[in-house]
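Thank you all for coming. I would like to walk you through one structure today, so please have a look at it before I begin.

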Amino acid sequence: MKKHNFSAGPCILPKSVMQKASEAILNFNDLNLSLIEISHRSKDFVDVMENARNLSLELLGLQNKGYKALFLQGGASLEFLMVAYNLLEKKAAYLNTGTWANKAIKEAKMFGDLVEVDSSKDNNYNYIPKNYTIPNDADYFHLTSNNTIFGTQVNHFPKTDTKLVCDMSSDIFSRQIDFSQFDLIYAGAQKNMGPAGTTLVIVKEEILGKVSRNIPSMLDYQVHINKDSMFNTPAVFPIYVSMLTLEWLKDLGGISEIEKINTKKAELLYTEIDTNPLFKGFVADKEDRSKMNATFNLTNDNLKDQFDNLWKDAGINGLNGHRSVGGYRASMYNALSLESVQVLVDVMKELERKS
Ligand SMILES: *Cc1c(COP(=O)(O)O)cnc(C)c1O
């Protein structure tokens, strides 16, 4: 029996995707060759790349709106740097909502003035600051839509004339928002889309070419756009698996359909966290709770061993919280089923009955 995989990342992927991916390793497109041993310039792989890029834009509703989709390497962590390299001339504004935002800020500081418009550090990032002002001379405003570690999620994006850049690593393709309000979106594949090794970047082409510095080729979005995301050998396997996941999502009915399922999963778990006296949620304001990563604690730490044994016996994997938060974190990415969440909720109820 496959485990109920609540891992925060690398994440659970649909079973049908795993099946197709493993077949492609042995024999891709009936070529009698493996996907990972053919030229990335062959028609068979070029089709994969095009399909993956088109599906990304299509699912986000960004086709024919001046956006380009790229599958790059270096993870979201390299995007912390690339964003600033390509867009920061004088000043950039950042919202500090946790570990990943801090890492993005650290890189951007190398390129210009950095304004932290607000921070939730005062309460170990258990909320999303909301009453901030974006300086109108900022080259862009950067935020993290979902804070994977702390379990908070942005539900209101600012209306602003400043360019919006968003790290959506852990909630891209999970909920319907107006993606055209962003000028640049990036996401490491391994949270909600595919295996580690590729990063999706969606960029409005017209915002590029405005900084005065020289940009090294590998870090230059325009170079990657001009080469259709094949400036160097792309991460063929992670891109192929991402494409399969995006096809799976499209067949399911797209983002609006997966959002309904994600909402059900989150409601099921948060209801248990709120009603079971043995648990309490980490996030201060319910409005800021993440539907992807639910963080919670036991109200009585003496029950830890008992609870840990119960969920492990139930076939649950990956429930321990990040070391900076402690407690538990249930990551409920797109491919996790409602049934798996029910198994976790049943274990929480069982603990209440037994203690
Ligand atoms: C995991 C994560 C990152 C880092 O991604 P890498 O691909 O490991 O560099 C960045 N931002 C967010 C929100 C994440 O969840």
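Before anything else, one definition that I shall need later: a residue is called buried under 20% relative accessible area, exposed over 50%, and partly exposed in between. Please also keep in mind that what you see is a predicted model.

Let me begin with the sheet. It is an open one, made of 7 strands in the order 2-10-9-8-5-3-4, and the pairing is mixed. Strand 2, residues 67–72, and strand 4, residues 113–119, stand at the edges with a single partner strand each, so that one side of each has no neighbour in the sheet. From one strand to the next, the twist averages 15 degrees. To take one pair from the interior of that order, strand 8, residues 164–167, and strand 9, residues 184–188, run in the parallel sense and are joined over 3 bridges, with Val-165 standing opposite Leu-184 of strand 9.

Now to the helices that lie across these strands. Helix 2, residues 43–60, lies across strand 2 and strand 10, the latter being residues 199–204, and runs at about 130 degrees to strand 2. Helix 4, residues 99–108, lies across strands 3, 4, 5, 8 and 9, and its direction makes an angle of about 165 degrees with strand 3.

I turn next to the backbone. Gly-9 and Pro-10 are joined by a cis peptide bond, with omega at about -10 degrees, and Pro-10 belongs to the loop between strand 1 and helix 1.

Which residues in the loop between helix 5 and helix 6 deserve a second look? Asp-228 is found there, and so is Ser-229. Asp-228 has a positive phi of about 50 degrees although it is not a glycine, while phi of Ser-229, likewise a residue other than glycine, is positive and near 70 degrees. As for accessibility, Asp-228 has a relative accessible area of 44%, which lies between the two cut-offs and therefore makes it partly exposed. Ser-229, by contrast, is at 4% and therefore counts as buried.

Finally, the interior space. How many cavities of 30 Å³ or more does the structure hold? There is 1, and the volume of the largest cavity is about 30 Å³. Its lining consists of Asn-86, Leu-87, Asp-139, Lys-163, Ile-207, Lys-210 and Val-211, which by class gives 3 nonpolar, 1 polar and 3 charged residues.

Notes:
Residues numbered from 1 in each chain as written. Predicted model: local features only at pLDDT ≥ 70, side-chain atom pairs only at ≥ 80, totals over all residues. Heavy atoms only, no water. 1 Å grid on protein atoms, 1.4 Å probe; cavity = no way out; pocket = protein on both sides within 12 Å on 5 of 7 lines; lining within 4 Å. Points joined across faces, edges and corners; volume = space filled by probe spheres on them. Nonpolar A, V, L, I, M, F, W, Y, C, P; charged D, E, K, R; others polar. Pairing = 2+ DSSP bridges. Helix = DSSP H or I, 4+ residues; strand = E, 2+ residues; numbered from the N terminus. Axes fitted to C-alpha atoms, helices over the stretch in contact; angles between N-to-C directions. Contact = heavy atoms within 4.5 Å. Buried < 20%, exposed > 50% of the residue type's maximum accessible area, 1.4 Å probe, protein only.
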